[in-house]
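Good morning, colleagues. I would like to take you through the fold of one protein chain, from its domains to its sheets and its helix packing.

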Amino acid sequence: MIIAANRAPLRYTEDEGWVPAIGGLATALLPVLQEQGGVWIAMQEDAKAPTRQPYPPEAPDLEIQRIPLSAQERTHYYLGMSNRVLWPICHYMLQHLELERAYMEAYRTVNRRFAEAIVRAYRPGDFIWVHDYHLMLVPHLIRQAIPDANISFFWHIPWPAMEVYRILPWSRELLQGMLGCDLIGFHVEEYVENFLESARYLLGAEIEDNRVLWEGREVRVEAHPIGIDVARFEQLSEREDVRREAERLREEMHAEWLLIGIDRLDYTKGILSRLQAFEQFLKEYPAYHGRVTFYQVATPSRTQLESYQQLKREVDEAVGRINGFFARDSWVPVHYRYRTYTQEELCVFYRAADVALITPLRDGMNLVTQEFIAASRSGVLVLSELTGAAHLLREAVLVNPYDRDGMVQAIRTALEMPVEERIERFRFLKRTVRELDVHRWARRFLEAMQQRPSEV
Ligand code: ADQ
């Protein structure tokens, strides 16, 4: 098995050295790679990280390979093409789009470097699994070198409507890159349909059911919704120290209801409109003053980009404005932390909260949603309809994050929900989250990969 992704699945810690990175993907795929043996190819994020690293060190069954990039390549491929072009367009955020030819040039170079590393590592019979929007050109490049390779792709963010995708000056080249695959996975059917429509309209490809017939081959396009490591979150949230901390947090908040928001600080996550909706809620419903507290946790992300710095300033300002206006006695309506927490600490928030406000403007899936359901006892989930998760978690209180009045009403619905209804909805949500579990997801995807493509 050869996995290619922008990031490696290990992170360095002072105490323990290299350990698995936090996050579903590393948790799900490292055991698969260890079982099958193989290679994980990623960019070298830090010059001190080894370019070849057997893992685990004592009895290695896989190797991590890191591709060194020059400072400019990294800036243009990662911060430029990936995060200033593909990220905003796939999330329908055209106001953040910054098109530069140099970004695409670096993207081609780096994708070629990845493809070459994969071809070098390849042994006949290997499965190749490429991840996400950083590596769209890789499948076609591998296909040219190894015509009968078994190549799959998993796309972690939304695939936008064709009319939005086509705005990209390189839309056809990038699509052709992906059509080097045998199998392409998305989170939900909507993205599958958008992709098929893009291939049909922009390339004139023939579509049959969920297959693209392309250059004498068949590319299957399927929905494989990703999950989290459910057992880990369920166990963490039951730990004595986590339960105690959750109690303490609730007491500290001096509120009857605790609402939480947990996100990377990213303009797609809808943090600002969520704060504005909460502000509006406090204006319209003074009876809740002193009784409800909103705790927003945002982890720093892509801090070198101006649009992220700007968002940080706007969030700081909104929090200050709301607290300046509404706080009284010991009640502070909004608590805000700009930092990264451990999963134990996140579980304290999940367990303590009555309501999670997860209202991205767009999100491929959104894993915080599932983490909350796994770790909470019977909290209410207010969820944006514009997330992949909303296609699956139908018992959440669903909202359009662009509709401020609707958001205000959703907060009220969540707070006033009768206890039987809350428990009933939670039971369904929990069942779905268990079904989505990331280990099952990996197993199902591997099974799909093993179906050999047919010639057309
Ligand atoms: P992300 O955009 O990163 O992922 P998400 O799925 O919500 O979004 O995952 C975020 C992760 O970061 C969660 O595991 C969460 O626990 C963690 N996190 C958030 N805030 C944190 C904090 N303050 N401290 C520590 N950890 C924090 C992309 C796509 C998503 C898709 C995933 C998986 O954008 O749509 O669900 O990939 O495919």
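I shall begin with the conventions, then turn to the domains, the two sheets and one helix pair.

This is a predicted model, in which local features need pLDDT of at least 70, side-chain atom pairs count only at pLDDT 80 or more, and totals for chains, interfaces and linings use all residues. Residues are numbered from 1 along each chain as its sequence is written.

Let me start with the domains. The protein chain is divided into domain 1, covering 2-227 + 439-455, and domain 2, covering 230-435; such bounds come from an automatic or database domain assignment. Taken over C-alpha atoms, the centres of domain 1 and domain 2 are 31 Å apart. To the contact between them, domain 1 contributes 18 residues and domain 2 contributes 17 residues, where two residues are in contact if their C-beta atoms, placed from the backbone, lie within 7 Å. On the side of domain 1 that touches domain 2, helix α2 (residues 71-90) gives the most, with 3 residues. That side divides into 9 nonpolar, 7 polar and 2 charged residues. Here Ala, Val, Leu, Ile, Met, Phe, Trp, Tyr, Cys and Pro count as nonpolar, Asp, Glu, Lys and Arg as charged, and the others, Gly among them, as polar.

Next, the sheets. Helices (H or I, at least four residues) and strands (E, at least two) are DSSP runs, numbered from the N terminus, and two strands pair if DSSP finds at least two bridges between them. One open sheet has 10 strands in the order β5-β6-β4-β1-β7-β8-β9-β12-β11-β10, with mixed pairing. Its edges are β5 (52-55) and β10 (206-208); each has a single partner strand, so one side of each is left without a neighbour in the sheet. From one strand to the next, the twist averages 20°. Within this order, strand β11 (residues 211-214) and strand β12 (residues 217-223) run antiparallel and are joined by 4 bridges, with V219 in β12 as the bridge partner of V212. Helix α7 (residues 189-203) lies across β9 (183-186), β10, β11 and β12, at about 150° to β12. For such angles, axes are lines fitted to C-alpha atoms, for helices over the stretch in contact, and values run from 0 to 180 degrees between N-to-C directions.

Another open sheet has 6 strands with parallel pairing, in the order β15-β14-β13-β16-β17-β18. At its edges stand β15 (334-338) and β18 (397-399), each with a single partner strand, so one side of each lacks a neighbour in the sheet. Strand β17 (residues 380-384) runs parallel to β18 through 3 bridges, and L383 stands opposite L398 in β18. Helix α15 packs on this sheet, touching β13, β14 (292-299), β16, β17 and β18, and its direction makes about 170° with that of β18.

Finally, which helix angle and axis distance describe the packing of α10 and α15? Helix α10 (residues 271-284) and helix α15 (residues 404-416) pack at about 65°, with their axes 9 Å apart. The two helices are therefore roughly perpendicular to each other, a class that spans 65 to 115 degrees, with angles under 35 counted as roughly parallel, over 145 as roughly antiparallel and the rest as oblique. Among the residues making the contact are F278 and F281 of α10 and M407 and I411 of α15.
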